[in-house]
Amino acid sequence: MRIDILTLFPNMFQGVFQESIVRRAIDLGKVEIHLVNFRDYTMDPHHKVDDTPYGGGAGMVLMCQPIFDCVRSLKTEDSKVILLTPGGKPYRQEMAYELSHAKHLIIICGHYEGFDERIKSICDMQISIGDYVLTGGEIPSMVLVDSITRLLPGVITDESHINDSFHNQLLDYPTYTKPRVFEGMEVPEVLTSGDHKKIEEYRYQESVRLTKENRPDLFDK
Ligand SMILES: C[S@@+](CC[C@H](N)C(=O)[O-])C[C@H]1O[C@@H](n2cnc3c(N)ncnc32)[C@H](O)[C@@H]1O
């Protein structure tokens, strides 16, 4: 998979893609990530990429031209163009699964007050990572890249993400490791029983309990 991230702040990504699972996916050749500064595409003599909003109001708005030209220079018939915006579709694990099958993702990070509405015309999807407003699309794009990359075949074991939260609309079950007793808190007996059927049943019941408690919306689905 190839991922192009269109950003005005490529330095924000230093470190994030050089550690842990994303780093492993890059080293294994499962994903290629390119940071593209769309300021390099502006035709403005002063390298401007934004301007004041028509109709007045606060903040600056990203202009069409640099982003249109940048996307057009990268886009192929295999590309999916994603615009990050708080007004987009809420990001879910099932979307991460769907996007992990794409060959090429182009992710546009907004900044400032937002972007010219016409930029939506060159995008296939608009995604929000949650009901809050961040300064820019850089952190949301890291969220997408991390969640998608770990699903690429061969990056982590299939068993790891099949047991993760949101698979089958359930939250993950609680896990414990050594020691068996820590500051008076004991590991549930069933987990040390060696009875795999009972362990599986216990974990399923715990997933159901936690989902009902913390995410009744998921449980109702
Ligand atoms: C300060 S925000 C603009 C917010 C915009 N005025 C609004 O209220 O929808 C600047 C940029 O950050 C990104 N952004 C902020 N919050 C986001 C979220 N929850 N999900 C996805 N992108 C977000 C978007 O790319 C957005 O264009």
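Two strands count as paired if DSSP finds at least two bridges between them. With that in hand, the smaller details of this predicted model are easier to follow, starting with one residue pair: Asp50 sits opposite Leu62 in strand 4. Strand 3 and strand 4 (residues 61–62) run antiparallel to each other, with two bridges between them. They belong to an open sheet of three strands, ordered 3-4-7, in which the pairing is mixed. Strand 3 (50–51) and strand 7 take the edges here; each has a single partner strand, so one side of each is left without a neighbour in the sheet.

There is also an open sheet of five strands. Its order is 2-1-6-5-8, and here the pairing is parallel. At its edges stand strand 2 (32–37) and strand 8 (125–128), and because each has a single partner strand, one side of each has no neighbour in the sheet. Going from one strand to the next, the twist averages 30 degrees. Within this sheet, strand 5 and strand 6 (residues 104–108) are joined in the parallel sense by five bridges. One residue to look for is Lys80, whose bridge partner in strand 6 is Leu105. As a general point, strands of a sheet pair through backbone hydrogen bonds, and they do so either parallel or antiparallel.

Strand 5 turns up again around the ligand. The shell there holds 20 residues, of which Leu84, Gly110, Leu134, Gly137 and Pro140 come nearest. Two elements, strand 5 (79–90) and strand 7 (114–115), give two or more residues to this shell. The largest share is that of strand 5, with four residues. Sorted by class, the shell is made up of nine nonpolar, 10 polar and one charged residues.

Next come the helices. Helix 1 (residues 20–27) and helix 4 (residues 138–149) cross at roughly 65 degrees, and their axes come within 9 Å. The crossing of these two helices is left-handed. On the helix 1 side the contact is made by Ile21, Val22 and Ala25, while helix 4 brings Val145, Asp146 and Thr149. Taken together, the residues of this contact split into four nonpolar, one polar and one charged.

Zooming out, the protein is divided into two parts: domain 1 covers 2–157 and domain 2 covers 163–220. The centres of domain 1 and domain 2, taken over C-alpha atoms, are 35 Å apart.

Finally, a couple of backbone details are worth a look. Most residues other than glycine have a negative phi, and most peptide bonds are trans. Against that background, Gln169 has a positive phi of about 60 degrees although it is not a glycine. Gln169 is found in the loop between helix 5 and strand 9. The peptide bond that joins Lys178 and Pro179 is cis, with omega at about 5 degrees. Pro179 lies in the loop between helix 5 (158–162) and strand 9 (181–182).

Methods:
Residues numbered from 1 in each chain as written. Predicted model: local features only at pLDDT ≥ 70, side-chain atom pairs only at ≥ 80, totals over all residues. Near = placed C-beta within 6 Å. Nonpolar A, V, L, I, M, F, W, Y, C, P; charged D, E, K, R; others polar. Axes fitted to C-alpha atoms, helices over the stretch in contact; angles between N-to-C directions. Left-handed = near helix turned anticlockwise from the far one by under 90°. Contact = placed C-beta atoms within 7 Å. Domains from an automatic or database assignment.
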